[in-house]
Structure formats: structure tokens, C-alpha cells
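Dear colleague,

I am passing on the structure we spoke about, with the sequence alongside, and my notes on what turned up in it follow underneath. Please read them with the model open beside you.

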Amino acid sequence: MNKINPLVLANLRSSLMGRLKLALFREILGKHDMAPTVKEVQRYIRSFTKQQITFVEIAVYVLNDARFILVDHQQTAQDIDVGELFARLDRFPLRKPIFLEVVNFLPDKPIGVMVHCHQLAGNIGHFYAITFMDEHYPSQISYFEIRVSQSEPEPAYCYYDQDGQWVSSAKADPGISKNEPLWLCVEALKFLSDHYTESFLTLEQSLEKSKKTKFKKKDSAPDDPVYTKLVQQVFLGQILCHVAEVDFDMIRPFSFDACFMIPYFEIQQAKRNIDDHVKSGLVVYWKDGAFVTSDDYQTYMVLRVAGISKVKIVVLGDQGLDNAKVLLSGGADLLPGVHIFASPGVDRMDEASRMMYLDEYVARLSAVMNLKDLIKSRCVVFSEDSKTGMLEVLVQSNGFDTEQTTIMSYSNCTKIDLLPLTLETLRKVNKDLIFIVHRDKDYLSAEKLENQCKKITALGAIPFVTKGTDIESHFLDPEHISAIIPTISLESAVGLVEVAREKTRELSIEKMLKEKYGKKHEMHAAEKPELAKIYESDPERYTCGKETMNILRSMLHSIVKGNKNLYEPSAHLEFAQLKEIASRIWKY
């Protein structure tokens, strides 16, 4: 055993995680303010039985990892869609144990919430072991299990009641939200599901940060707690930020001393890139009749020395906007690049988690790139295809107001489970947006299509399924072709489409077989005649549109001079499902 350094001891006592570690040290050694050796810790861990695995997991975490995050219970989500939350936690399990120090749940002290994900036997999904700890640890803990499996979801909640009996409840049990400890478990899972891992600090990082704060260098700028809190609120989606233009005289530095600490040569060097500083602007907040900046004193000094009279600012929150010309409003994506979150150690995560964070980041980038359109839009149409031209023509032909419609290519649309990441971001930009998700019919069965549509609807979006296998199928309409190319009669257009379909007939039947049997479809070639009958019963449904359109356009190229572009609006592209959606949005 070793005596704990007084400075380290003081820092340990400043957080619940630190106090739990000290309590565990006392449990191991029977002495105060002493740290056990590696062998003493190993001997303690080996004293547990296999049935006490939960205690072992907690002890190992507290002693070795000790990551934690402070959470104000008053700031946790109030309305939680438990079904959606559980689906996400099962799809993107939190592989590593995580500890939350929750304040304002109990009236006078914090409570520790330890969350550990486990896989259910048979690989049928996941459950989360959640442990409550306070100053009575390790002699006393509270234990809960929440099953989030989508294949076998019940029983959803298991816990010890007041009589010490192990009880279970269904997910739909209306009393769950009134069970405060159990509902805190749900709130903790919601919090972890919504937030990035870079918010978590190891105990060692916390101590190091505390030391640096105590022994601050003379030339370092002071911390601005107001600025820090506002930036956090922006990233959590609790407040907006606004890009604006303001007279430079309206800006004040949080620390005047910090302005004098910037070396003259740095200001001179930065002036050479004055355009970059003007473009990025200053992040500010309103206080006492002025906009306060505390994030970039160098930019402030460069702009001031250069005599810039009007400056771009990004205002945190809604205060003071009457004193500026607001250009754009939105979320954290409007903050200058230097404030973008650093990589949250994604490479160290499991594959599912890496993809989740990357998809969420891509969703945020998509929102930024379409920000101006999204603010004035009534609806967003997600295209399954990377090229959106055909879909744009199709919705225009069915009554969509193009000025109020944003079309976004989203390559993961077929993976419906990933859509909530995008929808959540876009709703923060414009809460009134209506979402439509384009889904190719392909060669899916009616049952599979219905399941896909149910998933889309469950996300609060409207499914749009093509009338044929893909978006091209809508443009293989003879009346549309004849209307777009007047030199082609309706009779000729019918004949051209029939010839093109006949040339892709075998390919279409082959694709039907692949959909039914996958990689082993060649073993079932004997079924082709039966599939051919199904194809002949409805060629418009089963024709592979893309390949057929390529053949048709090649035929047109040889017989038509001038415009041969079939991807133009016409009355013959009307589709009942799209017309009905448009009428619901624009009330006509």
C-alpha cells in the first residue's frame, strides 16, 4: 500500500467517482487515505465468486477506467419514446461501461449511475445492467436490468422491489414512468444514446485538468464559464445560435488582460490572413449591453488593429439580437470550424458504433449544406439514389411546390434504422418539416415492402414506393414519351417500350429469382418458367427499369433528332400516391 498524495486526495474527494475509488481503497485495505498495490487489488478481485460478476465489473471500472460525466437531472429529456430508444440501443449497443454522476435527482447529494451493456444468450439482442451507487458503496448498491432486444423484448424491466424481491415489468407498463429510480435508468440510457463520447473524462484527465487550473500560467486567458455553458447548450440543441453582422464597437473582450498577452508578431502575421478572420468572425454572447467574446482573442485583436467597422458574429442564444442584423439561425453547425467537436476516439469503438457516429456526422453535414433551403422548406424528400434529377421531375409533376421542397440524396435510405440520426438533426433546423422517404420497389414481396413502409412511418416520415422496380419505371410511360418528344406518336412509343422490355425480359426474370433465393439462385433455375408467368402478368411492375430505359434511350438516339431527354415534367407522370402526399402538404 502507498500513502496518497494530499493534492491527489483533495481532487479525488471533489467528485463522486473519486470518493467511490477512495471507498474501495478502504474496503481493500481497511485503512483511510491509502492506495492498494496491484497485487492487493488482484487479491481483492479474486475474492468474488462467479455469481458476483456485477460487483467485479464495478470494482474493475472504478479502479482502472473511472470515466465519468456530470449530468444535471433537470436537463435530461422529459419526453422519451421508449420504443425508439430501445431499438436504437439494440442496433447501436454501448459496448463500453459508462458512469454518470447525476446531480439534482436527490435533494442534497449526487448519485452514480453505472451502465453496462450485455448480449443476451443466443445473440437475440442486448440488455443493460444499471447500478446505482452513492456514498454507501461498496456495501450497498441498487441493481436494474433493462432489456432492449427487438427480437425478444420482454420482460423489459427487471429489478429488486422494496421487499428485496426480484420483479419484472413489461415495456408497456404505464407505471414505469412513475417509478422514479427505474425511470432514471431510462433517462440515463436516453442521455447516453444522444451524446458523443468525447464528453467523458477519465479520472486521470479530470485530475490533470484540475491541476492545470490551480497552477495556471501567467499568460493564459481566464476561463469564461458563461461562454462554456452556452456552447454546451448549443451542441445539446437546447438553444440556437445566430450568424449576424454588427458594428465592431458593440463587441467587448471577456478578458482585457488576455488581449495584451498576444505577441505583436502574432498579430502582424495574422493580419496577412485577414480575410480568413473576417470570414470566420467571432463567437459571442450578449451581456450588459455588449457582445462578449472570449474564445479567440487573436481574431478580436486582428480585426481591431485592421480597423474593421462591421464584423460577422455568431451569437450564442437569443439575447441581444435586436442590436445586430441576423443573417441565419441554426444549431452548432453554424459555429466556426475551430469549434467543431474533435474526433471522439471513433477508431477505438466497435464497428456498429463507428458507423453510427459517422452517419450522424454526415447527417449534420447534410443539414448544413442544405440549411438555407431547409429553413424555408415545407418538406424534405430523401432519395435512395445518388442522382436526384428524376425524383425532382417526378415530384414536380405531382404538385410539389419546388420552392418549398428539398430533395436530399441519402445513400443509407435502404437501412431504415439509420434514418433517425438524420431526421433528428433536420428537425432541429426546422421543426415543422415533413419527411418523405423514396424506396424502390425492386423485386421485394408485398410483405417485405409493407414492413419497410411501417419502419418509415414509425419514424414520423411518409413512405413513397415506386410503381415499378425503380424510379426509371415511371418514365417508361408511352404517353409521357410521346408528350415529351412530339415526333414520336403514341403508337410508336408503345412499340418502342415493348421492344425495350422484351430485350430485358430475361434479365428481369433473373433478378426475380435472385431476390427469392439470393446467392443460391442458380440452383433454382427450374423455377424460371413459373416466374416468367408472374412477369407476364404485370410487366410494368417487374421490368428492370434502369436497364430498360438505357435500351430505350439508345433506340431513340438512332431515330430522333434534337432533344431526347425523357426526364422532364409532364401530366403523364402523375402518380396517385405522390399526388395525395402533395395535397396533404399544400392543402389543395
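Among the contacts in the protein chain with a separation of 6 or more, 71% are between residues 24 or more positions apart. Please keep in mind throughout that this is a predicted model. The protein chain has 588 residues, of which 47% count as buried, and there are 24 helices and 19 strands in it. The surface that the protein chain exposes comes to about 30900 Å², and carbon and sulfur atoms supply 51% of that area.

One helix pair may be worth viewing early on. The axes of α2 (16-29) and helix α3 (residues 38-46) come within 10 Å and cross at roughly 80 degrees. Because crossing angles of 65 to 115 degrees count as roughly perpendicular, α2 is described as roughly perpendicular to α3. On the α2 side the contact is made by Leu 24, Glu 27, Ile 28 and Leu 29, while α3 contributes Glu 40, Val 41 and Tyr 44. Sorted by class, the contact of α2 with α3 contains five nonpolar and two charged residues, and no polar ones.

Just along the chain from there is a backbone feature that you may wish to inspect. Asp 33, in the loop between α2 and β2 (34-35), has a positive phi of about 60 degrees although it is not a glycine. A second aspartate, Asp 442, also has a positive phi, here of about 50 degrees, and is likewise not a glycine; Asp 442 lies in the loop between β18 (434-439) and α17 (446-458). As for their surroundings, buried means under 20% relative accessible area and exposed means over 50%. Asp 33, with a relative accessible area of 24%, is therefore partly exposed, and Asp 442, at 27% relative accessibility, counts as partly exposed too.

Finally, there are cis peptide bonds to look at, and these involve prolines on either side of β7 (142-147). Tyr 137 and Pro 138 are joined by a cis peptide bond whose omega is about 5 degrees, and Pro 138 is placed in the loop between β6 (126-133) and β7. The peptide bond that runs from Glu 154 to Pro 155 is cis as well, with omega near -5 degrees, and the place of Pro 155 is in the loop between β7 and β8 (157-160).

With best wishes

Definitions and conventions
Residues numbered from 1 in each chain as written. Predicted model: local features only at pLDDT ≥ 70, side-chain atom pairs only at ≥ 80, totals over all residues. Heavy atoms only, no water. Helix = DSSP H or I, 4+ residues; strand = E, 2+ residues; numbered from the N terminus. Buried < 20%, exposed > 50% of the residue type's maximum accessible area, 1.4 Å probe, protein only. Axes fitted to C-alpha atoms, helices over the stretch in contact; angles between N-to-C directions. Parallel < 35°, antiparallel > 145°, perpendicular 65-115°, else oblique. Contact = heavy atoms within 4.5 Å. Nonpolar A, V, L, I, M, F, W, Y, C, P; charged D, E, K, R; others polar. Areas by Shrake-Rupley, 256 points an atom, 1.4 Å probe, with all protein chains shown as cover.
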